[in-house]
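Please look through the sequence and the model shown below before reading on. The report that follows takes up open spaces, packing and a few single residues in turn.

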Amino acid sequence: MKLSDIDSQDLKKDQPKELEGEITSDIIDILEEEGITVDMLVDTALELYAPHPGLETREIAEGRFRRELEIAVSDANLCLLIYSGILLEREGEKGKLPNISRSSYEKDLTFIIADEVIGMSIAKYISGDKGMFEFVRFDKQKPGILSKLGPFMDDIIGGLIGGVSANMYTRGMADAAEAEKKRKAKDVSDVIAA
């Protein structure tokens with residue numbers, strides 16, 4: 001039997017397709033409660049900044065990173081992934097994680113990989129394989145705030161920064177390519193007009 005042969009029912013067909021009700025919590029506010037500001041995220045991202053077409057200066061990169069971050073955190077699913085990491089960090093600090101002692105949590109033992117999996121999931125959710133590549137770069141080097149965060153939060157924030165950073169580079173390069181294309185088209189039309 002093939003999966004396509006199985007009859008399926010849309011048991012959620014009558015559910016709304018959009019969020020309803022008043023939103024009472026914002027992930028940026030929750031991160032700030034945890035001591036992590038947008039400026040810290042930007043500063044950490046820019047520690048590994050490398051000039052690219054469309055991102056020739058740190059100022060351009062900072063503006064692009066802030067816009068990409070705003071776009072990313074407008075997604076409720078991403079915010080829930082980030083929040084899950086925050087809750088795991090809080091429970092780890094209290095010694096209340098299932099099947100892990102407080103001491104194992106504090107040592108960030110290498111065989112505990114749930115933190116890495118969540119960080120990679122966040123990065124990949126934001127920008128696919130490019131995000132995962134950036135996550136690894138940030139996870140290995142631990143710039144800025146990442147070096148000061150706990151076992152779950154460093155990977156959660158590393159995933160967020162990695163995914164947003166990958167989008168920053170991708171969109172920056174795409175914008176530069178589009179600008180170059182327009183410039184060439186204008187040059188051609190100027191030559192024809194002359």
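## The largest pocket

Which helices each supply at least two residues of the lining of the largest pocket? In this predicted model, helix 1 and helix 4 each do so, and helix 4 gives the most to that lining, with four residues.

The lining of the largest pocket is made up of 16 residues in total, and those that lie nearest the centre of the pocket are Ile23, Ser25, Asp26, Ala76 and Cys79. The space inside the largest pocket comes to about 420 Å³.

## Confidence in the model

Before going further into the details, it is sensible to ask how confident the predictor is. The protein chain has a mean pLDDT of 90, and 95% of its residues reach 70 or more. Among the elements of the chain, helix 2 (residues 38-47) has the highest mean pLDDT, at 98, whereas helix 5 (residues 102-107) has the lowest, at 84.

## The nonpolar cores

In soluble globular proteins, nonpolar side chains tend to be buried together. In this model the largest nonpolar core has 36 residues, and the ones with the most contacts inside this core are Phe65, Ile82, Ile157 and Leu160. At least two residues of this core come from each of helix 1 (27-33), helix 2, helix 3 (58-72), helix 4 (76-94), helix 6 (114-141) and helix 7 (153-193). Helix 7 gives the most to this core, with eight residues.

Ile82 can serve as an example of how such a residue is surrounded. Leaving aside residues up to four places away in sequence, Ile82 touches Ile27, Leu31, Ile122, Ile156 and Leu160. Apart from the largest core lies another core, which has five residues, among them Leu97, Ile100, Ile112 and Phe152.

## An enclosed cavity

Rolling a probe the size of a water molecule over the atoms shows where empty space is left. How many cavities of 30 Å³ or more does the structure hold? The structure holds one, and the largest cavity has a volume of about 50 Å³.

The residues that line the largest cavity are Ile100, Ser104, Tyr105, Asp108, Ile112, Asp115, Pro151 and Phe152. Readers who look back at the five-residue core will recognise some of these names, since Ile100, Ile112 and Phe152 are among the residues of that core and also line the largest cavity.

## The annotated domain

An unreviewed UniProt entry places the feature "domain: YutG/PgpA" at residues 98-165. In the model this span is 69% helix and 0% strand, and the C-alpha atoms at its two ends lie 33 Å apart.

## Two residues in helix 7

Is Gly172 buried or exposed? Gly172, which has its place in helix 7, has a relative accessible area of 1%, and because buried means under 20%, Gly172 counts as buried. When residues up to four places away in sequence are not counted, Gly172 touches Pro53, Gly54, Leu55, Arg64 and Asn167. Gly172 and Glu56 are 116 residues apart in sequence, while their C-alpha atoms are 9.2 Å apart in space.

Thr170 also lies in helix 7, but with a relative accessibility of 32% Thr170 counts as partly exposed. The C-alpha atoms of Thr170 and Glu91, which are 79 residues apart along the chain, are separated by 36 Å.

## A residue in helix 6

Val117 is found in helix 6 and, at 39% relative accessibility, counts as partly exposed. Although Val117 and Gly159 are 42 residues apart along the chain, their C-alpha atoms are separated by 9.6 Å.

## Positive phi angles in two loops

Which residue in the loop between helix 4 and helix 5 should be considered here? Asn99 has its place in that loop, and its phi is near 65 degrees, which is a positive value in a residue other than glycine. Asn99 has a relative accessible area of 84%, and therefore counts as exposed, a word that applies over 50%.

Lys142, in the loop between helix 6 and helix 7, likewise has a positive phi, of about 45 degrees, although Lys142 is not a glycine. The relative accessible area of Lys142 is 25%, and this residue is partly exposed.

Terms used. Residues numbered from 1 in each chain as written. Predicted model: local features only at pLDDT ≥ 70, side-chain atom pairs only at ≥ 80, totals over all residues. Heavy atoms only, no water. pLDDT = per-residue confidence, 0-100. UniProt positions renumbered as here; feature names shortened; annotations may be inferred. Core = buried A, V, L, I, M, F, W, Y, C linked by side-chain atoms within 4.5 Å. Buried < 20%, exposed > 50% of the residue type's maximum accessible area, 1.4 Å probe, protein only. Contact = heavy atoms within 4.5 Å. 1 Å grid on protein atoms, 1.4 Å probe; cavity = no way out; pocket = protein on both sides within 12 Å on 5 of 7 lines; lining within 4 Å. Points joined across faces, edges and corners; volume = space filled by probe spheres on them.
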